[in-house]
Amino acid sequence: MITQIRGVLRSVNDEALTLAVEPFELEVLIPEHTRRQLQGKVGESITLHTTFYIEGQAMGGKMVPRLIGFLSPVDREFFDTFCSVDGVGVRKALRAMVRPVRELARTIQEQDVKVLATFPGIGEAMAERIVAKLRRKVGIFALIVTPEGAGPLSHANGEAENVEPDVVRDTFSALLSVGHSEMEARAALDRVLSGKKKFKSVADMIEAIYQQSKP
């Protein structure tokens, strides 16, 4: 499995780009938001975090391996999560990813079916299915740190009596994975642990942190 490639961007079209990785030129499928970010960088060296899938029908059809590229491992992880919904195939997911992953995750987290239904290839019925399947799975993506920052997190001294130690540890690791510093992650955990709410899972804690981070 090729998980990362680096090369010179040769061209960008509607659904894919061509990357020169000497002595080869590779066609890589990309999400719509990534296409817009890269279309002005033809001729430059770029790095993509990649995954494979096989396109075609197993019985009597042509099977074609396809390489899919993302600008970060977190974007790739969100894509895999998005594709776990019945009816959301690879191509549909790539077309639907027209906004940054953080915004898509927040749309799902807020159960905003009307907005989600406006994304390419996602009607109202599909949007409802996505929300039902993913609402409790995308909270960590909604907390991705943007270049401008995700806003200040208040500091508090919390005790972990209302949560299992593994949940605290795993939530801390999840926050680091989407760009929070150790100080920010600890502050976010302290903040939610300062209350009386009990947390049975990482998803519960991520939901609480997300709600407290909203303006």
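Visitor: Hi! Is His180 buried or exposed?

Guide: His180 is buried, with a relative accessible area of 10%. Keep in mind that this is a predicted model.

Visitor: And where is His180 found?

Guide: His180 is found in the loop between α7 (165-177) and α8 (182-193).

Visitor: What does the side chain of His180 reach?

Guide: The backbone oxygen of Leu143, at 2.7 Å from the His180 side chain.

Visitor: Okay, over to the strands. How do β2 and β3 pair?

Guide: In the antiparallel sense: strand β2 (residues 16-21) and strand β3 (residues 24-29) pair over 6 bridges. The connection from β2 to β3 is a hairpin through 2 residues. For a landmark, look at Thr18, which stands opposite Glu27 in β3.

Visitor: Which strand do 2 bridges join to β3?

Guide: That is strand β5 (residues 64-70), and β3 and β5 run parallel. Leu29 has Ile68 in β5 as its bridge partner.

Visitor: Back to Glu27. Which residue does Glu27 meet in a salt bridge?

Guide: Arg66; the side chains of Glu27 and Arg66 meet at 3.3 Å, N to O. This pair links distant parts of the chain, with Arg66 in strand β5 and Glu27 in strand β3, 39 residues apart. Glu27 itself is partly exposed, at a relative accessible area of 45%.

Visitor: How many salt bridges does the structure hold?

Guide: The structure holds 11 salt bridges. One of them is formed by Glu103 and Arg99, with the closest N and O atoms 2.9 Å apart. Glu103 is partly exposed, with a relative accessible area of 36%, and Arg99 also counts as partly exposed, at 36% relative accessibility.

Visitor: What about Asp204, which residue does its side chain meet in a salt bridge?

Guide: Arg136, at 2.5 Å from N to O. Asp204 lies in helix α9 (residues 202-213) and Arg136 in the loop between α6 (124-134) and α7, so the pair ties together parts that are 68 residues apart in sequence. Asp204 is buried, with a relative accessible area of 19%, whereas Arg136 is partly exposed at 44%.

Visitor: Which residues do salt bridges that share partners join into one network?

Guide: The network joins Glu15, Glu27, Glu55, Arg66 and Arg91. You'll recognise Glu27 and Arg66 there, the pair that meets at 3.3 Å.

Visitor: New topic: why is α4 largely enclosed by the rest of the structure?

Guide: Because 8 of the 9 residues of helix α4 (residues 101-109) are buried. The buried residues are Val101, Arg102, Leu104, Ala105, Arg106, Thr107, Ile108 and Gln109.

Visitor: What do the buried residues of α4 pack against?

Guide: They pack against α2 (73-82), α3 (90-96), α5 (113-116), α6 and α9.

Visitor: And what phi does Gln111 take, just after α4?

Guide: Gln111 takes a positive phi of about 55°.

Visitor: Let's jump to Leu9. Where does Leu9 lie, and is it buried or exposed?

Guide: Leu9 lies in strand β1 (residues 4-12) and counts as buried, at 0% relative accessibility. Not counting residues up to four places away in sequence, Leu9 touches Leu17, Thr18, Leu19, Leu38, Lys41, Val42, Gly43, Glu44 and Ile46. You can also check Leu9 against Gly40: they are 31 residues apart along the chain, and their C-alpha atoms are separated by 10.0 Å.

Visitor: What about Glu32, buried or exposed?

Guide: Glu32 is buried, with a relative accessible area of 18%. Glu32 lies in helix α1 (residues 32-38), and a polar contact of 2.7 Å joins its side chain to that of Arg35. Leaving aside residues up to four places away in sequence, Glu32 touches Asp14, Leu94, Arg95, Met97 and Val98.

Visitor: Last one, the surface. Which residues form a nonpolar patch there?

Guide: Met1, Ile2 and Phe52, with about 320 Å² of accessible area together. Met1 lies in the segment before β1 and counts as exposed, at 71% relative accessibility.

Key
Residues numbered from 1 in each chain as written. Predicted model: local features only at pLDDT ≥ 70, side-chain atom pairs only at ≥ 80, totals over all residues. Heavy atoms only, no water. Helix = DSSP H or I, 4+ residues; strand = E, 2+ residues; numbered from the N terminus. Buried < 20%, exposed > 50% of the residue type's maximum accessible area, 1.4 Å probe, protein only. Polar contact = N/O pair within 3.5 Å; in protein donor to acceptor, adjacent residues only side chain to side chain. Contact = heavy atoms within 4.5 Å. Pairing = 2+ DSSP bridges. Patch = residues over 30% accessible without salt bridge, like charges linked within 9 Å, V, L, I, M, F, W, Y side chains within 5 Å. Areas by Shrake-Rupley, 256 points an atom, 1.4 Å probe, with all protein chains shown as cover. Salt bridge = Lys/Arg side-chain N within 4 Å of Asp/Glu carboxyl O.
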